[in-house]
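Here is a note for a colleague who is opening this entry without having seen it before. The points below are meant to be read with the structure at hand.

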Amino acid sequence: MTETTGSTATPESGNPEGAEGAADETTSTEDGKLSRRERRRANKAAGEGGKKSGKRAKKGVFARAAIFYRQIIAELRKVVWPTRSQLIQYTTVVVTFVIVMMLVVAGLDWVFGKGAFWIFG
């Protein structure tokens, strides 16, 4: 395969790290804001790379657990619950399918049992 020169997908593409030009233009957004990769590089250069800062680093175990449970409740409020008639309909479909599959398996078991008695009999 041939490699396209100027591609930002791999470091071997002809644009060394830190090179200005085509790589920066393709990773910047339309509004002139920095891309995630460029922000990470800027933070690393400024010495902020490995440290967690902000609210996440300050919260304790119980505060994080409380936030977790609040988020669970918020997500459950977004769920579209089935109506009673839909629930009855879905349950009927599932029970019917299970009964049909039980009959198929029981029938195959009977057929194979008769075949085994006929062969080994």
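**Notes on the predicted model**

1. In this predicted model, buried residues make up 4% of the 121 residues in the protein chain. The exposed area of the protein chain comes to about 11500 Å², and 62% of that area is supplied by carbon and sulfur atoms.

2. As for secondary structure, the protein chain contains five helices and zero strands, so that a reader who follows the sequence from its start meets the pattern α-α-α-α-α.

3. Which residues does UniProt assign to a "transmembrane region"? The record, an unreviewed entry, places this feature at residues 87-112, and the annotation may be inferred rather than shown by experiment. In the model, the chain over residues 87-112 is 100% helix and 0% strand, with the end C-alpha atoms lying 38 Å apart.

4. A nonpolar surface patch of about 1100 Å² deserves a look alongside that annotation, and its members are V94, F97, V98, V100, M101, M102, V104, L108, W110, V111 and F112. One of these residues, V94, lies in helix 5, which covers residues 84-120.

5. A positive surface patch is also present, and it is formed by K33, R36, R37, R39, R40, R41 and K44. Within the chain, K33 is found in the loop that runs between helix 1 (22-27) and helix 2 (36-46). Is K33 buried or exposed? With a relative accessible area of 56%, K33 is exposed, because the cut-off for that class is over 50%.

6. How many salt bridges does the count give? The count comes to one salt bridge, and the partners are E75 and K78, whose closest N and O atoms are 3.2 Å apart. This separation falls under the rule that a side-chain nitrogen of Lys or Arg must be within 4 Å of a carboxyl oxygen of Asp or Glu. In general terms, side chains of opposite charge can pair when their charged atoms come close.

7. Where do the two partners of this salt bridge sit along the chain? Both E75 and K78 lie in helix 4 (residues 61-78), and they are three residues apart, which is about one turn of the helix. Their accessibility can be read one residue at a time: E75 counts as partly exposed because its relative accessibility is 45%, while K78, at 59% relative accessibility, counts as exposed.

How values were computed:
Residues are numbered from 1 along each chain as its sequence is written. This is a predicted model: local features need pLDDT of at least 70, side-chain atom pairs count only at pLDDT 80 or more; totals for chains, interfaces and linings use all residues. Side-chain values use heavy atoms; hydrogens and water are left out. Helices (H or I, at least four residues) and strands (E, at least two) are DSSP runs, numbered from the N terminus. Patches are made of residues with over 30% relative accessible area and no salt bridge: like charges are joined within 9 Å, nonpolar side chains (Val, Leu, Ile, Met, Phe, Trp, Tyr) within 5 Å. Accessible areas come from the Shrake-Rupley method with a 1.4 Å probe; for residues, only the protein chains shown count as cover. Lys and Arg count as positive and Asp and Glu as negative; His and the chain ends are not counted. The place of a charge is taken as NZ of Lys, CZ of Arg, CG of Asp or CD of Glu. Buried means under 20% relative accessible area, exposed over 50%, partly exposed in between (1.4 Å probe, protein chains only).
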